[in-house]
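User: I would like a close look at a single part of this model, the nonpolar patch on its surface. Please set out which residues make it, and then place it in the context of the rest of the protein.

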Amino acid sequence: MKKVLVFALCVAASSAFPQQQQYNQQQQYNQQQRQQPTPQAAPQQQPLKPTIPPVPIVSLDNTVNHDGSYRYSFEGGDGTRQEQTGSLKTIGQEAGEISAGSYSYVGDDGKTYSLTYTADETGYHPVGDHLPQPPPIPEAILRSLEYLATAPPPKDESNNRN
């Protein structure tokens with residue numbers, strides 16, 4: 001019995017030793033990690049500084065009325081201007097908003113660019129000297145369009161096929 005007890009103790013001790021060794025290895029690894037300097041975070045980036053000075057707002061108007069109409073305008077210290085007015089519009093059972101306005105600014109080339117516009121149920125309609133324009137309608141096409149506008153409407157031939 002004594003031999004069995006000694007044998008059991010030896011088995012228990014030998015099986016516990018690798019676990020203790022594994023635990024010690026883990027402890028050594030953890031200590032090494034704590035001793036190593038932690039990698040530093042990327043240096044904080046400085047906020048971007050504007051390459052050109054900010055443009056001051058010289059005037060600003062923003063009025064919204066209870067009936068849905070509004071007026072908005074501003075002028076910048078660099079000569080940029082914008083204004084827009086709008087109101088609600090009902091067509092039949094549909095409601096929408098119509099607006100009109102303009103803006104102007106000085107381009108990089110030193111020229112002042114201006115644009116006026118309306119936006120309503122028919123779409124957005126900009127007007128400006130710098131916007132591309134369609135080419136003129138050729139004379140032959142223009143005469144043909146004028147003739148078609150004065151010609152009588154064509155007869156509906158779908159009923160005459162019987």
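Analyst: The residues I137, I141, L142, L145, Y147 and L148 together make a nonpolar surface patch of about 600 Å², as read from a predicted model. One of these residues, L145, can be placed in helix α2, which covers residues 139-150. The relative accessible area of L145 is 45%, which lies between the 20% and 50% limits, so L145 counts as partly exposed and not as buried.

As for the setting of this patch, the protein has two helices and six strands, and along the sequence these elements follow the pattern α-β-β-β-β-β-β-α. The accessible surface of the protein amounts to about 14700 Å², with 57% of that surface belonging to carbon and sulfur atoms. Buried residues make up 9% of the 162 residues, and among the contacts with a separation of 6 or more, 9% are accounted for by residues 24 or more positions apart.

The charged side chains give another view of the protein, with three salt bridges counted. One of them joins R71 to D61, with the closest N and O atoms 3.5 Å apart; this pair links distant parts of the chain, since R71 is in strand β2 (residues 70-76) and D61 is in strand β1 (residues 57-64), 10 residues apart. R71 has a relative accessibility of 33% and is therefore partly exposed, and D61, at 25%, likewise counts as partly exposed.

Another salt bridge is formed by R81 and E75, whose closest N and O atoms are 3.3 Å apart. Here R81 is partly exposed at 46% relative accessibility, while E75 has a relative accessible area of 22% and is also partly exposed.

In the salt bridge between E121 and K89, the closest N and O atoms are 3.0 Å apart. This pair, too, links distant parts of the chain, with E121 in the loop between β5 (112-120) and β6 (123-127), K89 in strand β3 (residues 81-91), and the two positions 32 residues apart in the numbering. E121 is partly exposed at 47% relative accessibility, and K89 is partly exposed with a relative accessible area of 31%.

To return to the part you asked about, the patch is made by nonpolar residues that include L142 and Y147, and its member L145 belongs to helix α2.

How values were computed. Residues numbered from 1 in each chain as written. Predicted model: local features only at pLDDT ≥ 70, side-chain atom pairs only at ≥ 80, totals over all residues. Heavy atoms only, no water. Salt bridge = Lys/Arg side-chain N within 4 Å of Asp/Glu carboxyl O. Helix = DSSP H or I, 4+ residues; strand = E, 2+ residues; numbered from the N terminus. Buried < 20%, exposed > 50% of the residue type's maximum accessible area, 1.4 Å probe, protein only. Patch = residues over 30% accessible without salt bridge, like charges linked within 9 Å, V, L, I, M, F, W, Y side chains within 5 Å. Areas by Shrake-Rupley, 256 points an atom, 1.4 Å probe, with all protein chains shown as cover. Contact = heavy atoms within 4.5 Å.
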